[in-house]
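I opened the file to look up a few strand pairings and one charged patch. My notes follow in the order I made them.

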Amino acid sequence: MFKQSPNDDIGDLRIEFSDSPRYKIGYCTDWNDFDTLPEEQDKIFTIAKTENKLTVSCNDVLIINYHFSDSSENNCVSRWSEEANMFLFRSTNAAGTDDASDEYRAEPEEEVNVEEEDNEEENVEEEDHEEENVEETAEEEDNEEDNVEEEDHEEKKMLRKKTMKKTMLRKKTMKKKMLRKKTMRKKMLGKKTMKR
């Protein structure tokens with residue numbers, strides 16, 4: 001579900017994996033069958049929204065390219081043209097279960113190589129040191145101008161560190177969520193096996 005704020009919905013995209021997989025765009029369409037859907041068992045959906053349209057790709061194949069202006073519904077364009085500041089992933093269907101989704105994420109996760117990150121940090125620190133040396137030389141020429149540059153440099157440096165910390169925290173959080181979900185799935189599979 002695309003949202004402007006926690007209490008302000010823009011619209012939702014529903015995908016149903018029945019005998020004939022189908023989708024529905026809230027405030028714009030009724031249920032529609034997919035024209036094409038990749039046959040692979042594992043499917044990765046990429047959802048993107050602009051002011052004018054909603055696109056969905058499955059395993060890098062475009063499966064929905066919906067222009068909001070194509071809708072006969074009154075609220076489609078006005079709702080979906082709004083900027084989405086949040087996205088809510090509902091992992092349940094009408095029956096209260098979702099056995100099709102393994103995970104979701106806001107943006108693709110990159111493999112993290114700790115050694116490379118450490119080397120990059122050292123390179124950044126060396127570059128920062130070189131920049132400081134250049135700034136000290138420039139300070140002799142124009143004191144007032146360099147003081148402003150040093151403040152900007154320090155702010156940028158602090159912002160870079162905060163961004164790196166947030167990125168690492170986000171990656172750790174995603175890994176914890178994925179681990180929790182796998183643990184839950186194993187427990188559920190164990191319960192199903194025991195019932196048989």
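Which residues of strand β4 make up its covered face, and which the uncovered one? I keep in mind that the model is predicted. I looked up β4, residues 22–25, and found Tyr23 and Ile25 on the covered face. Arg22 and Lys24 are on the uncovered face. I noted the general rule: side chains in a regular strand alternate between the two faces of the sheet.

Next I looked up the partners of β4. Strand β3, residues 13–16, pairs with β4 in the antiparallel sense, and I have 4 bridges for the pair. In this pairing Ile15 stands opposite Tyr23, the residue I had listed on the covered face of β4. The connection from β3 to β4 is a hairpin through 5 residues.

I then turned to strand β5, residues 32–33, which runs antiparallel to β4 and is joined to it by 2 bridges. Here Arg22 of β4 has Asp33 of β5 opposite; Arg22 belongs to the uncovered face. β4 and β5 also form a hairpin, with 6 residues between them. In that turn I noted a positive phi of about 70° for Tyr27.

Last entry: the charged patch. I found a positive surface patch formed by Lys161, Lys162, Lys165, Lys166 and Arg170. I placed Lys166 in helix α3, which covers residues 143–195. Is Lys166 buried or exposed? The relative accessibility of Lys166 is 59%, and the cut-off for exposed is over 50%, so I entered Lys166 as exposed.

Conventions:
Residues numbered from 1 in each chain as written. Predicted model: local features only at pLDDT ≥ 70, side-chain atom pairs only at ≥ 80, totals over all residues. Heavy atoms only, no water. Buried < 20%, exposed > 50% of the residue type's maximum accessible area, 1.4 Å probe, protein only. Pairing = 2+ DSSP bridges. Patch = residues over 30% accessible without salt bridge, like charges linked within 9 Å, V, L, I, M, F, W, Y side chains within 5 Å. Areas by Shrake-Rupley, 256 points an atom, 1.4 Å probe, with all protein chains shown as cover. Salt bridge = Lys/Arg side-chain N within 4 Å of Asp/Glu carboxyl O. Lys, Arg positive; Asp, Glu negative; His and termini not counted. Charge placed at Lys NZ, Arg CZ, Asp CG, Glu CD.
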